[in-house]
Each structure stands twice: as C-alpha cells, then as structure tokens.
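Here's a quick tour of a single model, with an eye on confidence, charged pairs and backbone oddities. Have a look at it first, then read on.

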Amino acid sequence: MTDQPTVRDGDLVLRPWTPDDSDTTRALHDTEIARWFDFPHTPPPEDEHLAWIEGTHAEWAERRKATFVVDWRGEPAGTVDVRVQEPGVGVLSWAVYAPFPGHGIAG
C-alpha cells in the first residue's frame with residue numbers, strides 16, 4: 001500500500017489528516033457540520049476526534065476511503081473524502097468550515 005498522497009493546486013492543498021490537526025479543526029466544527037455528518041457533539045470531544053483521524057489512515061490502508069484535510073492558504077479550511085460504495089462506484093463528500101465559504105474552496 002502506498003502512502004496517502006498530498007495534492008496541491010495553488011492556494012489549495014489536500015493532505016492526509018494528522019493528530020496535530022485535531023485542536024484547530026475541532027474548534028471549527030459547527031451545527032451544520034454536525035447535522036450533515038451526524039456528529040453527536042459540536043465540537044467533538046478530543047479523544048473522539050483523534051480516534052476519527054486515526055481511522056482515516058486505517059480506511060486508506062484498507063482501500064475503503066480517502067479522507068483529506070483541505071488546507072487553504074496554510075489553514076485547515078475543510079475536509080473531503082472519497083469512499084467506495086460498491087465496486088466501481090465512489091461517493092464524494094466535503095465540508096467547508098464556517099469561516100471559509102465564499103473563497104472558492106469547494107467549487
């Protein structure tokens with residue numbers, strides 16, 4: 001299995017999640033993100049968020065899902081993932097954190 005890639009396009013970077021992302025991104029969770037992604041708590045508790053980040057690496061290793069932090073101009077601005085729904089069919093999901101809509105991040 002290869003390492004999860006980092007993808008760059010100008011000010012936008014998609015990169016693997018790290019435990020260092022937890023504090024910053026937990027604070028950016030809001031009620032809309034909780035509603036769409038079925039999170040029971042906003043912000044999520046630190047231990048749950050760190051477990052979720054660790055899980056993104058397991059999903060990549062098992063070839064079930066690729067989840068990336070969306071960095072915009074050096075700041076975590078959202079998340080995006082592609083998961084296998086069935087052989088040959090993928091599902092794309094994304095979220096842009098509250099301070100960042102309107103910057104063309106998800107366009």
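## Asp81 and its partners

Let's start with Asp81, which is buried, at a relative accessible area of 9%. Keep in mind that this is a predicted model.

Who pairs up with Asp81? One partner is Lys65: the two form a salt bridge, with the closest N and O atoms 3.9 Å apart. That pair ties together distant parts of the chain, since Lys65 sits in strand β3 and Asp81 in strand β4 (residues 75-86), 16 residues apart. Lys65 counts as buried too, with 18% relative accessibility, and the cut-off for that label is under 20%.

Arg83 also meets Asp81 in a salt bridge, at 3.2 Å from N to O. Unlike the buried Asp81, Arg83 is partly exposed, with a relative accessible area of 32%.

## Arg15, Asp71 and a small network

Next up is another charged pair. Arg15 and Asp71 form a salt bridge in which the closest N and O atoms are 2.6 Å apart. Here again distant parts of the chain are linked: Arg15 belongs to strand β2 and Asp71 to strand β3 (residues 65-72), with their positions 56 residues apart.

Are these two buried or exposed? Arg15 has a relative accessible area of 17%, so it is buried. Asp71 is buried as well, at 11%.

The story doesn't stop at a pair: salt bridges with shared partners join Arg15, Asp21 and Asp71 into one network. Over the whole structure, the search turns up 7 salt bridges.

## Thr25 tucked away

Helix α1 (residues 22-28) is home to Thr25. How much of Thr25 is accessible? Its relative accessible area is 0%, so Thr25 is buried.

What does Thr25 touch, once neighbours within four places in sequence are set aside? The contacts are Trp17, His49, Pro76 and Tyr97.

## Two arginines with positive phi

Now for the backbone. Most residues other than glycine have a negative phi. Arg63 is not a glycine, yet it has a positive phi of about 60°. You'll find Arg63 in the loop between α3 (46-61) and β3. With a relative accessible area of 65%, Arg63 is exposed.

Arg73 does something along those lines: it isn't a glycine either, and its phi is positive, at about 55°. Arg73 is placed in the loop between β3 and β4. Its relative accessible area is 56%, which means that Arg73 counts as exposed, the cut-off for that being over 50%.

## How far to trust it

So what does the predictor make of its own work? The protein chain averages a pLDDT of 89, and 99% of the residues score at least 70.

Where in the chain is confidence lowest, and where is it highest? The low end is helix α2 (residues 31-37), with a mean of 79, while strand β2 (residues 12-16) takes the top spot at 96. Strand β2 is also where Arg15 sits, the partner of Asp71 in strand β3. As a rule of thumb, predicted coordinates should not be read in detail where pLDDT is low.

How values were computed. Residues are numbered from 1 along each chain as its sequence is written. This is a predicted model: local features need pLDDT of at least 70, side-chain atom pairs count only at pLDDT 80 or more; totals for chains, interfaces and linings use all residues. Side-chain values use heavy atoms; hydrogens and water are left out. Helices (H or I, at least four residues) and strands (E, at least two) are DSSP runs, numbered from the N terminus. Buried means under 20% relative accessible area, exposed over 50%, partly exposed in between (1.4 Å probe, protein chains only). Contact means heavy atoms within 4.5 Å. pLDDT is the predictor's confidence in each residue, from 0 to 100. A salt bridge is a side-chain nitrogen of Lys or Arg within 4 Å of a carboxyl oxygen of Asp or Glu.
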